[in-house]
Amino acid sequence: MALFNDPIAELLTNIRNALSAQKRYVDIGVSQMKVRMLEILKEQGFIENFIVSDPKRQVRIFLKYTADRRSVIHGLKRISSPGLRRYVECKKIPRVQGGFGIVILTTSKGILDDRKARELGVGGEILGYVW
């Protein structure tokens, strides 16, 4: 596996590639940030489930499809990057696809989706969009 300087971009790219190949699951290296992002994706219904394997230091992500084998996730986009951080205040958190998608942010309260961040009244760095 290649060494990435941007683990979030790696996560999103691996999911995107697995979806385009219609894979049932994808394995990636584990980190606390990735696990928290996967928890949000699971809560919002974008992925089926995920399992963290401690001995292998990997996480297996089970992707979610509709009955006719279409992906539940239509798009994934990295917004903030190591070279260009994108911060937003609570009132200016964008809506993705008219509210059908989610914004994943890292805030002072941890990694949150846009709805929870608005509820708590916190802004932060925009990690990415999922729709």
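This tour moves from one helix to a small group of strands and then back to the helices that lie across them. The model you have open is a predicted one, so please read each stop as a description of that prediction.

Begin by selecting residues 7-20, which make up helix H1. With 14 residues at 1.5 Å a residue, H1 should span 20 Å, and because its end C-alpha atoms are 20 Å apart, the model agrees with that expectation. Just after H1, click on Gln-22, a residue whose phi is positive, near 55 degrees.

Now, keeping H1 in view, show the side chains of Ile-8, Glu-10, Leu-11, Leu-12, Ile-15, Ala-18 and Leu-19, which are the buried residues of this helix. Which elements do the buried residues of H1 pack against? Colour strand E1 (25-29), helix H2 (32-43), strand E3 (58-63), strand E4 (76-78) and strand E8 (124-130), and you will have the elements that pack against them.

Next, select E1 and E3 together, two strands that run antiparallel and are joined by 5 bridges. Two pairs of residues are worth labelling here: Tyr-25 has Phe-62 in E3 as its bridge partner, while Gly-29 stands opposite Gln-58 in E3.

Then add strand E2, residues 47-53, which is joined to E3 by 6 bridges, again with the two strands running antiparallel. Look for Asn-49, which stands opposite Phe-62 in E3. Follow the chain from E2 into E3 and you will trace a hairpin with 4 residues between the two strands, where Arg-57 in the turn has a positive phi of about 55 degrees.

With E1, E3 and E2 all displayed, what order do the strands take in the sheet? The order is E1-E3-E2, in an open sheet of 3 strands with antiparallel pairing. E1 and E2 are the edge strands, each of them pairing on one side only. If you turn the view to look along the sheet, look for the twist, which averages 20 degrees from one strand to the next.

For the last stop, bring both helices back over the strands. H1 lies across E1 and E3, and its direction runs at about 40 degrees to E3. H2, for its part, lies across E1, E2 and E3, and runs at about 155 degrees to E2.

Note on methods. Residues numbered from 1 in each chain as written. Predicted model: local features only at pLDDT ≥ 70, side-chain atom pairs only at ≥ 80, totals over all residues. Heavy atoms only, no water. Expected span 1.5 Å × (residues − 1). Buried < 20%, exposed > 50% of the residue type's maximum accessible area, 1.4 Å probe, protein only. Contact = heavy atoms within 4.5 Å. Pairing = 2+ DSSP bridges. Axes fitted to C-alpha atoms, helices over the stretch in contact; angles between N-to-C directions.
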